[in-house]
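This briefing covers the strand pairing and the nonpolar core of one protein chain. Please look over the sequence and the structure before reading on.

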Amino acid sequence: METVYVNTPLGIAKIEGDENGLISITVFDSEEKVSDIIPELLEDAVYQLQEYFEGSRTEFSLALNPEGTDFQIKVWQALQKIPYGKTVSYLELSKTLGDVKAIRAVAAANGRNPLWIVVPCHRVIGSDGSLTGYAGGLHRKKWLLEHESPIKQQSLF
């Protein structure tokens with residue numbers, strides 16, 4: 001497995017993958033050391049993340065290989081179908097997966113998503129529009145949703 005640490009507007013991202021695809025992307029609050037060398041296997045992931053943060057990429061085209069249960073993988077695949085700049089509720093996601101009663105299991109699988117940003121778990125919100133939990137912290141979820149919003153809020157000052 002290869003690992004690289006890169007700087008992002010959200011903090012230092014740790015990207016892990018192997019010849020089968022990306023295994024995880026997480027962002028840290030701590031001061032991890034940015035990698036001097038990007039492993040060839042992870043170059044495309046780093047490049048696509050940079051484009052995303054620059055605002056020139058709205059979809060990722062990467063091989064993914066997260067570790068999870070069959071149900072978790074099913075939820076993570078459904079997350080990838082949420083369009084850039086859009087949100088869905090946990091209830092809507094449960095309905096999409098065919099079982100409205102599975103809302104808690106869907107929320108738990110969403111919270112265990114190891115591929116932050118690329119598998120857009122940040123696009124799932126509460127039924128009332130609230131920003132419910134995010135493994136990376138609500139401040140990151142808010143930032144990501146604002147970054148993807150087609151309507152940019154301008155500062156008054």
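The points below deal with the strands and then with the core.

The model is predicted. Strands E1 (2-8), E2 (11-18) and E3 (21-28) each supply at least two residues of the largest nonpolar core. E2 pairs in the antiparallel sense with E1 and with E3.

**Strand pairing**

- E1 and E2 are joined by seven bridges, and the two strands form a hairpin with two residues between them.
- E2 and E3 are likewise paired over seven bridges, and this hairpin also has two residues between its strands.
- Lys14 in E2 has Tyr5 opposite it, and Lys14 also stands opposite Thr26 in E3.
- E2 is largely enclosed by the rest of the structure, because eight of its eight residues are buried, that is, under 20% relative accessible area.

**Nonpolar core**

- The largest nonpolar core holds 36 residues, of which Ile15, Leu22, Leu79, Leu93 and Ile117 touch the most other members.
- Besides the three strands, helices H1 (43-54), H2 (70-79), H3 (90-96) and H4 (103-111) each supply at least two residues of this core.
- H1 gives the most to the core, with five residues.

**Contacts of Leu79**

- Leaving aside residues up to four places away in sequence, Leu79 touches Leu93, Asn110 and Asn113.
- On the same count, the contacts of Leu79 also include Val119, Pro120, Cys121 and Val124.
- Leu79 and its contact Leu93 are both among the residues that touch the most other core members.

Conventions: Residues are numbered from 1 along each chain as its sequence is written. This is a predicted model: local features need pLDDT of at least 70, side-chain atom pairs count only at pLDDT 80 or more; totals for chains, interfaces and linings use all residues. Side-chain values use heavy atoms; hydrogens and water are left out. A nonpolar core is a set of buried Ala, Val, Leu, Ile, Met, Phe, Trp, Tyr and Cys residues joined through side-chain atoms within 4.5 Å. Buried means under 20% relative accessible area, exposed over 50%, partly exposed in between (1.4 Å probe, protein chains only). Helices (H or I, at least four residues) and strands (E, at least two) are DSSP runs, numbered from the N terminus. Contact means heavy atoms within 4.5 Å. Two strands pair if DSSP finds at least two bridges between them.
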